[in-house]
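Visitor: I am new to this structure and would like a close look at a single part of it. Please choose one residue, describe its surroundings with care, and then set it against the rest of the protein.

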Amino acid sequence: REFIECFRRYLVPEVVRDRYRRPYKKLGGEAGVLAYCLLDNHFHLVVHQRTATGVQRLMRGALAGYSRQYNTRYGRTGRLFESPYKASLVTEHRYAKELIAYVHTNHPDQLQHPFSSHAAYSDPSIAPWLSVSSGLAIFGGLQPYLDYVASYCARERRR
């Protein structure tokens with residue numbers, strides 16, 4: 001929950017302040033999270049970059065913030081993540097659909113995993129900071145998204 005909160009505070013339109021009352025940067029105009037899934041030892045994000053440095057600024061802020069919180073809570077110092085995040089440029093809707101379906105079905109609980117953005121696609125009020133409308137636009141709406149994910153799951157089961 002804290003990891004997700006680190007992204008939310010940069011992406012919600014309202015002002016969110018840190019413990020010293022400083023406002024977090026508003027990065028929603030620079031990047032938007034289309035999909036996420038948190039697993040035991042890693043995470044997946046599909047991020048729409050709107051400016052040249054949008055993903056970099058969002059990831060730097062969210063990951064550094066989470067590391068600080070975690071280190072403070074557990075009396076640690078130093079890096080929390082083994083390596084920097086990896087990013088790939090996606091320019092085709094076909095591949096973006098595959099990525100979103102992959103991210104949403106990547107956990108063994110697949111579409112019922114509580115730390116996945118899948119549920120927000122049916123009810124955007126669950127996570128208003130997510131760019132659900134942009135994600136659904138790639139599929140052509142909610143029903144085409146649900147149909148695509150169902151066919152993706154069926155294909156993966158056959159493998």
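Guide: What follows begins with one histidine, moves to a neighbour of that histidine, and then widens to other loops and to the protein as a whole. Please keep in mind that this is a predicted model.

The residue I have chosen is His 104, which lies in helix α3, the helix formed by residues 93-104. With a relative accessible area of 0%, His 104 is buried, since any value under 20% counts as buried here. The side chain of His 104 makes a polar contact with the side chain of Tyr 145, at 2.6 Å. If we leave aside the neighbours within four places in sequence, the residues in contact with His 104 are Ala 35, Tyr 36, Gln 110, Leu 111, Ser 116, Ser 117, His 118, Tyr 121 and Tyr 145. Tyr 145 therefore appears both in that list of contacts and as the partner in the polar contact.

Several of these contacts can be placed by means of the elements to which they belong. Strand β1 covers residues 31-38, and Ala 35 and Tyr 36, which both touch His 104, fall inside that range. Helix α4 covers residues 118-122, and His 118 and Tyr 121, also in contact with His 104, fall inside that range.

Gln 110, another of the residues that touch His 104, deserves a closer look of its own. Gln 110 lies in the loop between α3 and α4, and at 28% relative accessibility it counts as partly exposed, whereas His 104 is buried. The backbone of Gln 110 is also worth attention, for its phi is positive, at about 45°, although the residue is not a glycine. Most residues other than glycine have a negative phi. A positive phi also occurs at Arg 21, where the value is near 75° and the residue is again not a glycine. Arg 21 sits in the loop between α1 (2-11) and β1, and with a relative accessible area of 59% it is exposed.

The loop that holds Arg 21 is also the place of Asp 18, between α1 and β1. At 16% relative accessibility, Asp 18 counts as buried, while Arg 21 is exposed. The side chain of Asp 18 makes a polar contact with the side chain of Arg 22, at 2.8 Å.

We can now return to α3 and look at the loop that leads into it from α2 (54-74), which is the place of Val 90 and also of Leu 89. Val 90 counts as partly exposed, at 27% relative accessibility, and Leu 89 counts as exposed, at 78%. Not counting residues up to four places away in sequence, Val 90 touches Tyr 95, Ala 96 and Leu 99, and the numbers of these three residues fall within the range 93-104 of helix α3. The C-alpha atoms of Val 90 and Val 47, which are 43 residues apart along the chain, are separated by 9.8 Å. For Leu 89 and Arg 57, 32 residues apart in sequence, the C-alpha to C-alpha distance is 16 Å.

On the other side of that loop, helix α2 includes Gly 54, which counts as buried at 0% relative accessibility. Beyond its neighbours within four places in sequence, Gly 54 is in contact with Glu 30, Ala 31 and Gln 49. The C-alpha atoms of Gly 54 and Leu 27 are separated by 7.2 Å, although their positions lie 27 residues apart along the chain.

Seen as a whole, the protein has six helices and two strands, and read along the sequence these follow the pattern α-β-β-α-α-α-α-α. Its radius of gyration is 16 Å, close to the 15 Å that the globule rule gives for 159 residues, so the protein is as compact as a globular protein of that length. Buried residues, of which His 104 is one, make up 39% of the 159 residues. Among contacts with a separation of 6 or more, 53% are between residues 24 or more positions apart. The accessible surface comes to about 9800 Å², and 51% of it belongs to carbon and sulfur atoms. Finally, the protein carries 23 positive and 13 negative charges, whose mean positions are 7 Å apart.

Terms used
Residues numbered from 1 in each chain as written. Predicted model: local features only at pLDDT ≥ 70, side-chain atom pairs only at ≥ 80, totals over all residues. Heavy atoms only, no water. Helix = DSSP H or I, 4+ residues; strand = E, 2+ residues; numbered from the N terminus. Buried < 20%, exposed > 50% of the residue type's maximum accessible area, 1.4 Å probe, protein only. Polar contact = N/O pair within 3.5 Å; in protein donor to acceptor, adjacent residues only side chain to side chain. Contact = heavy atoms within 4.5 Å. Rg over C-alpha atoms; globule rule 2.2 N^0.38 Å. Areas by Shrake-Rupley, 256 points an atom, 1.4 Å probe, with all protein chains shown as cover. Lys, Arg positive; Asp, Glu negative; His and termini not counted. Charge placed at Lys NZ, Arg CZ, Asp CG, Glu CD.
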